[in-house]
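Here is a short report on one protein model. It moves from the overall fold to two internal spaces and one residue.

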Amino acid sequence: MDKKILVIGNGQSVLIKELYKNINKYTGDNFTIDLFSLNNTEKNCNIFGKIHTFPSFIFKVDNPTLAFILKVFYLKIFTFFISGKYDILHMHYIQNIFNHLNIKKIAKKSIITVWGSDFLRRNESKRQKLKSLVEKVDIITCGNTTVLKNIGEYYNLNTEKLIHTPFGFEALDYIEKHKDSNKNSLKKLFNIPEDSICISIGYNADSGQQHQKLIELIKANSNLQILKDKLFFVLPMTYGERQPGYINHIENILKYFPFRYKVLKDFMNAETIARFRLACDILIQVQITDLLAGSMQEHLCAGNIVITGSWLPYQELKSRGVIFEEVNNVEETGEMLESVINNSKNISTDGNFSRILNFGSWKHTAPKWANLYQ
């Protein structure tokens with residue numbers, strides 16, 4: 001008999017859609033998976049059996065406190081009527097609204113997946129408010145073993161309820177498909193000058209990527225300015241704008257940037273993302289916190305040199321022999337970029353392709369997620 005699963009999370013999330021599409025693809029259609037989206041989302045997605053969400057008027061409420069109260073009230077009513085109809089409840093992205101659910105009555109088994117910033121960027125007070133939730137659920141999963149261990153130690157949890165479940169990334173399969181394409185031809189697709197050194201600053205429009213600091217550091221580096229005819233900077237901002245007006249703010253700063261650059265704002269599907277990663281040469285990824293950025297894994301798989309922060313929890317990649325450059329603080333980034341450009345021929349990233357593909361492809365990760373539902 002098929003297991004009935006209720007997923008609660010962001011129905012607009014590409015990762016959630018990819019996850020459940022690939023669970024079905026790689027493990028057989030052994031589950032009936034319904035979604036309750038915490039965000040306004042289309043209901044004609046063929047990945048899920050049924051898609052539920054809040055009434056549309058709730059999304060139009062301007063007062064955050066009132067909107068939250070209405071969401072809690074509606075979610076309680078919804079879960080009351082479906083109590084006992086599901087075998088498994090799976091909540092994505094740990095958040096306060098889950099504290100108001102009667103988890104044990106909704107399903108026989110409960111799972112919560114921590115995505116990264118939902119734990120890492122919370123202060124002590126907000127973490128403590130989630131303590132009863134993490135104690136009530138049967139399983140806690142996370143895509144990074146270091147962060148998963150930290151969660152267990154912080155809440156003093158039994159290690160048996162902690163399970164490592166890395167996300168996969170469809171773009172990796174397309175990188176494998178297009179890896180032998182001509183690099184200049186790929187650059188032309190994105191109006192990136194041929195034979196330029198293409199440098200991606202971050203990978204989304206979240207201020208945690210530290211765009212402004214990086215722009216200022218690069219601008220202030222006189223040795224990089226000497227090389228400016230060779231360089232082309234790209235700022236991918238196709239998603240992740242949490243602060244209204246943030247993209248406009250960065251674009252205003254860029255008006256005084258002495259280098260050639262481009263801001264990407266249009267949505268890209270997995271294949272377009274793969275082509276963009278292959279068109280790049282260097283990624284600067286020094287965000288404040290991270291779990292294990294899929295975008296960074298895609299750049300690594302595509303053969304790019306990655307500059308990242310030593311404070312980020314990437315021990316898992318290091319243990320697999322993945323090669324990347326590290327800075328100890330964001331202020332070192334300009335000098336590191338200069339060094340990488342001048343020594344790029346001596347930095348070998350050849351082994352990263354197979355190491356990342358074997359670690360982050362859905363065909364390897366989807367079965368691990370499916371095992372949660374057995």
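The text below covers the overall shape, a cavity, a pocket and Lys17.

This is a predicted model: local features need pLDDT of at least 70, side-chain atom pairs count only at pLDDT 80 or more, and totals for chains, interfaces and linings use all residues. Numbering starts from 1 along each chain as its sequence is written, and side-chain values use heavy atoms, without hydrogens or water.

**Overall shape**

The protein has 18 helices and 13 strands; these are DSSP runs, H or I of at least four residues for helices and E of at least two for strands, numbered from the N terminus. The C-alpha trace spans about 65 × 45 × 40 Å along its principal axes. The radius of gyration is 22 Å, which agrees with the value near 21 Å for a compact globule of 374 residues. That radius is taken over C-alpha atoms, and the globule rule is 2.2 Å times the number of residues to the power 0.38.

Buried residues make up 52% of the 374. Buried means under 20% relative accessible area, exposed over 50%, and partly exposed in between, with a 1.4 Å probe and protein chains only. The protein exposes about 17,300 Å², and carbon and sulfur atoms supply 49% of it. Areas come from the Shrake-Rupley method with a 1.4 Å probe. Of the contacts (heavy atoms within 4.5 Å) between residues at least 6 apart in sequence, 69% join residues at least 24 apart.

**Cavity and pocket**

On a 1 Å grid over the protein atoms alone, a cavity is a set of points where a 1.4 Å probe fits but cannot get out; a pocket is an open set with protein on both sides within 12 Å along at least five of seven lines, and lining residues have an atom within 4 Å of a point. The structure holds 1 cavity of 30 Å³ or more.

| Space | Volume | Lining residues |
|---|---|---|
| Largest cavity | about 30 Å³ | 4 nonpolar, 2 polar, 2 charged |
| Second largest pocket | about 180 Å³ | 3 nonpolar, 3 polar, 6 charged |

The cavity lining includes Gly11, Lys17, Glu42 and Phe48. Among the residues lining the second largest pocket are Asp118, Arg121, Arg122 and Lys126.

**Lys17**

Lys17 sits in helix H1 (residues 14-27). It is partly exposed, at 32% relative accessible area. Beyond its neighbours within four places in sequence, Lys17 contacts Gly11, Gln12 and Ile47. Lys17 and Asn46 lie 29 residues apart in sequence and 9.9 Å apart in space, C-alpha to C-alpha.

Technical notes:
Grid points are joined across faces, edges and corners, and a volume is the space filled by probe spheres set on the points. Ala, Val, Leu, Ile, Met, Phe, Trp, Tyr, Cys and Pro count as nonpolar, Asp, Glu, Lys and Arg as charged, and the others, Gly among them, as polar.
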